[in-house]
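Me: Could you walk me through this model, one question at a time?

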Amino acid sequence: MKWATILLSLVVFATVLWRSPRAVGAMRIARTLAAIAVLIQTWYSGGTGRSALLVAGIGITLFLAYADIVARALHIAYLQTIAIDVERSRSERLSTPPSIGLMVNLLGVLYVLAAVPALPQARVTDAIFLAVTVAVFGWIGAAVLQKQLMRRSESHPVDLRVKAAVDRIGPKFVVHFAGARHSEYQLAMWLQYFDQVGDPYVILVRDRYLLEGIASRTGAPIVLVPAQSVLDRLVPDSVGACFYVNHAAKNAQLIKLDKYVHVQLMHGDSDKAISRSPVSQMYDRVFVAGQAGVDRYLRHGVEIPEYKFRRIGRPQLHQIQVGPRPRSEGDALTVLYTPTWAGLTSEVDYSSLQQGKRIVSALLERGVRLIFRAHPYTAANRAYRELADQIREIIAADAAATGRDHWWGPRAEAEATLTDCINAADAAVSDISGTASDWLYCGRPLAMTDPRGFGSKYFEEFPLARAAYLLEQDAGNVEEVLDQLLSIDSREAIRSEVREYYLGDFAPEELVGVFRRAVKETYEDAGSKVVGPSSAAGG
């Protein structure tokens, strides 16, 4: 039993050291319980003969129990950064939360190893370990005290070392990002185009759980800014504009600083309710792809002055192949199916996954090659995740039986980009989402789903559907729709008209330049926030 306790506790502490080596409070409850178990085991195996280790163990257990409080104290006036050269003295580096987290996590592993019953010269080893523990906790206590004294002397303390480093970068604009877990894709779609603007910028990430995902997608400087009070002191005078890619509640904490031009980009152009939210009224500028992005606000009673809009197309579409996909003789037609997620409420649940098996089965019976690309948020809803998994199983079985080169799972959803999927397909079936708008740019046939049963009101609510073949709520007309999608295609002329209305009249090679000029305009004109539309930005 004693060895089982030691081994299990070692696994707990080693896991933290492996997965979160610099986190002060990672797996706090599990580590606390493991420390208690080792403490009890030490008492039963050695009694007062191992008093030094017992004292050290009590200290470690108490620290772990209150690790969250300690972590909050250590983070006063400390900001975590990525790809930023922050100049700190050796003492300052050893007092940062990551350094202290590493000390504590190493100490936890050493604590379990020190408690091994068969350890020779246990008294000497225990005394040494107690001295190390006292030294580590003494250093942590001094760091916490210093932070608390800073809080008393400054009303809103800020990490001056990071502020100085950001000042040295001299960013012309910042990108503010907050949101739910797994929302990194919302910013990721814009990162390469921010890089192509050519001027320095900094990303302000507001939620710790988003930091790693964003850092893995860019080499741009990043600052984790968990507190609102830091924003007004951190953003340097060189900044003229702030960009946002969603309507996260924390956006308002930066928007209240009215000396910048605040620009909403969103993370896709669609007829979903979020794309014409009244929240957009608080931004100084709203970048939209085409005239449809302006009209959908007016159509729903959201009045935004014309001067705030910039029609810039979608830079993400610059690599889309426009027109029919080149196919060799005998090459099967390829269809892209992109169901959206469940939405935050049932009112905005536009997902067709409940009809997905019927749609996919009908497509496979037509002998097409299928690309199944589910929305990144699908995994967040258990019912829809299971439906998506069932569809993947159907596709996998067909691939095994026919040898057709279907794309599904990681190949379609992680390894390939949306652009890759569009360029590989001859037709698409999409829900109400930004994917439908992006597909429209290629000009190839499109079908759209109606899982909410809008019926005759669908085209009024979602004008993009004028370019598509509409599936009924239960997909009961799937065969008729597939006839149009894969063969007849009677809406080709309408698609061209709707394409320009939604995405602007921009050639692929123009899109990145249009975006670059529109971004530069925001901070070059930052001294005057009320400016007319720019012809360079398609305004």
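Here are some questions and replies on the fold, the rings, the cysteines and a surface patch.

This is a predicted model, where local features need pLDDT of at least 70, side-chain atom pairs count only at pLDDT 80 or more, and totals for chains, interfaces and linings use all residues. Residues are numbered from 1 along each chain as its sequence is written, and side-chain values use heavy atoms, with hydrogens and water left out.

Me: What percentage of the residues of the chain count as buried?
Reply: Happy to start there. Buried means under 20% relative accessible area, exposed over 50% and partly exposed in between, with a 1.4 Å probe and protein chains only. The chain has 539 residues, and the buried share is 53%.

Me: How many helices and strands does the secondary structure come to?
Reply: Both are DSSP runs numbered from the N terminus: helices are H or I with at least four residues, strands E with at least two. For this chain that gives 22 helices and 13 strands.

Me: Which kind of aromatic pair do Tyr458 and Phe462 form?
Reply: Rings of Phe, Tyr and Trp (its six-membered ring) pair if their centres lie within 6.5 Å; planes under 30 degrees apart are stacked, over 60 edge-to-face and the rest tilted. The count by this rule is 22 aromatic pairs. In this one the centres are 5.3 Å apart and the planes make an angle of 65°, so the pair is edge-to-face.

Me: Over the ring of which residue does the charged end of Arg499 sit?
Reply: The rule asks for NZ of Lys or CZ of Arg within 6 Å of the ring centre and within 35 degrees of the ring normal. The charged end of Arg499 is 4.2 Å from the centre of its partner ring, which belongs to Tyr441.

Me: Why does Cys421 form no disulfide?
Reply: A disulfide is a pair of cysteine sulfur atoms within 2.5 Å, and the structure holds zero of them. Cys421 is buried, at 0% relative accessibility. Its sulfur is too far for a bond because the closest cysteine sulfur, in Cys442, is at 12 Å.

Me: Is Tyr44 buried or exposed?
Reply: Tyr44 lies in helix α2, which spans residues 28-46. Tyr44 also belongs to a nonpolar surface patch together with Ile29, Leu33, Ile36, Ile40 and Trp43. With a relative accessibility of 69%, Tyr44 counts as exposed.

Technical notes
Patch = residues over 30% accessible without salt bridge, like charges linked within 9 Å, V, L, I, M, F, W, Y side chains within 5 Å. Areas by Shrake-Rupley, 256 points an atom, 1.4 Å probe, with all protein chains shown as cover. Salt bridge = Lys/Arg side-chain N within 4 Å of Asp/Glu carboxyl O.
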